[in-house]
Amino acid sequence: MSSPEVIPTGEVPSLPPAPPAAPARAAAPALKMPWVGLLLSLVMPGLGQIYNGQVAKGVTFFVGFSGTIYLITEGHVLPFAIFLPFLIFANMIDAFRSAVLINERGTKAVAEDDAESPWWGIGLAAMGVLLLFNNLGWLQLAAVVRYWPILLIAAGLLFLRRSVPRKTGDGPSL
């Protein structure tokens with residue numbers, strides 16, 4: 001029989017050195033190119049937002065663009081012929097700015113889809129309700145179109161309200 005090997009008490013073998021830890025590399029986020037979003041939005045409104053991962057916003061822009069074209073062809077030139085260029089330019093600027101913001105935050109926000117406001121979905125649903133009511137005969141959009149100046153009045157009042165400074169209530173004001 002063999003006897004177990006006896007190690008002298010002062011000579012305990014040391015462990016081998018640990019291999020150098022490789023730095024953990026996260027996948028490099030794919031950056032969005034703002035000019036691509038802008039050009040895609042020029043080709044078809046909403047396509048730049050879809051490129052940025054903001055599908056609800058892109059669909060809302062596309063439906064707004066299509067609805068504006070439809071209303072112009074139905075003979076309601078004013079105000080829709082005036083709104084159309086603003087819609088197109090706002091769409092292009094939004095796609096560009098959204099891509100810049102996404103790049104600043106990283107694409108994590110796009111993957112989680114928290115970059116979109118729920119108001120885009122609400123707006124899209126509201127447009128669908130209006131079109132459904134029109135198709136069912138409950139609402140005549142052609143008759144409502146003549147009241148478009150009310151939108152200008154409401155926008156003017158909103159801008160006026162925002163421009164007037166609010167009183168803080170910290171004492172009498174002159």
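Mentor: Helices here are DSSP runs of H or I with at least four residues, and strands are runs of E with at least two, numbered from the N terminus. This is a predicted model: local features need pLDDT of at least 70, side-chain atom pairs count only at pLDDT 80 or more, and totals for chains, interfaces and linings use all residues. Residues are numbered from 1 along each chain as its sequence is written, and side-chain values use heavy atoms, with hydrogens and water left out.

Trainee: Which residue takes a positive phi just after α4?

Mentor: Look just past the end of α4. The phi there is about 95°, and the residue is Gly-106.

Trainee: How many helices does the protein have?

Mentor: The elements run α-α-α-α-α-α-α-α from the N terminus on. Strands number zero. The helix count is eight.

Trainee: Does α4 have the span expected from its residues, or what distance separates its end C-alpha atoms?

Mentor: The expected span of a helix is 1.5 Å times one less than its number of residues. For the 29 residues of α4 that gives 42 Å. The model agrees, with the end C-alpha atoms apart by 41 Å.

Trainee: Where does α4 bend?

Mentor: The bend at a residue is the angle between axes fitted to the seven residues ending there and the seven starting there. In α4 it comes to about 30°. A proline, Pro-85, follows within four residues of the bend, which sits at Phe-83.

Trainee: What percentage of the residues in the protein is buried?

Mentor: Buried means under 20% relative accessible area, exposed over 50%, and partly exposed in between (1.4 Å probe, protein chains only). In α4 the buried residues include Phe-80, Leu-84, Asp-94 and Ile-102. Across the 174 residues of the protein, the buried share is 20%.

Trainee: How many residues of α8 are buried?

Mentor: α8 has 15 residues, and its end C-alpha atoms are 21 Å apart, which agrees with the expected 21 Å. The helix lies largely in the open, because its number of buried residues is zero.

Trainee: What is the volume of the largest pocket?

Mentor: On a 1 Å grid over the protein atoms alone, a cavity is a set of points where a 1.4 Å probe fits but cannot get out; a pocket is an open set with protein on both sides within 12 Å along at least five of seven lines, and lining residues have an atom within 4 Å of a point. Grid points are joined across faces, edges and corners, and a volume is the space filled by probe spheres set on the points. For the largest pocket it is about 1000 Å³.

Trainee: Which residues lining the largest pocket are the closest to its centre?

Mentor: The lining has 27 residues. The closest to the centre are Thr-68, Leu-71, Phe-80, Met-127 and Leu-151.

Trainee: Which helix supplies the largest share of that lining?

Mentor: α3, α4, α6, α7 and α8 each supply at least two residues. The largest share is nine residues, and it comes from α3.

Trainee: How many residues of that lining are charged?

Mentor: Ala, Val, Leu, Ile, Met, Phe, Trp, Tyr, Cys and Pro count as nonpolar; Asp, Glu, Lys and Arg as charged; the others, Gly among them, as polar. The lining of the largest pocket has 21 nonpolar and six polar residues. Its number of charged residues is zero: there are no charged.

Trainee: Which residues does Thr-68 touch, leaving out those up to four places away in sequence?

Mentor: Thr-68 lies in α3 and is buried, at 10% relative accessibility. Contact means heavy atoms within 4.5 Å. Thr-68 touches Phe-80, Leu-84 and Leu-87.

Trainee: What distance separates the C-alpha atoms of Val-145 and Leu-71?

Mentor: Val-145 sits in the loop between α7 and α8. Beyond its neighbours within four places in sequence, Val-145 contacts Leu-71, His-76 and Phe-80. Val-145 and Leu-71 are 74 residues apart along the chain, yet their C-alpha atoms are separated by 9.0 Å.

Trainee: Which helix gives the most to the lining of the second largest pocket?

Mentor: This pocket holds about 160 Å³ of space. α3, α6 and α7 each supply at least two residues of its lining. The most, three residues, come from α6.
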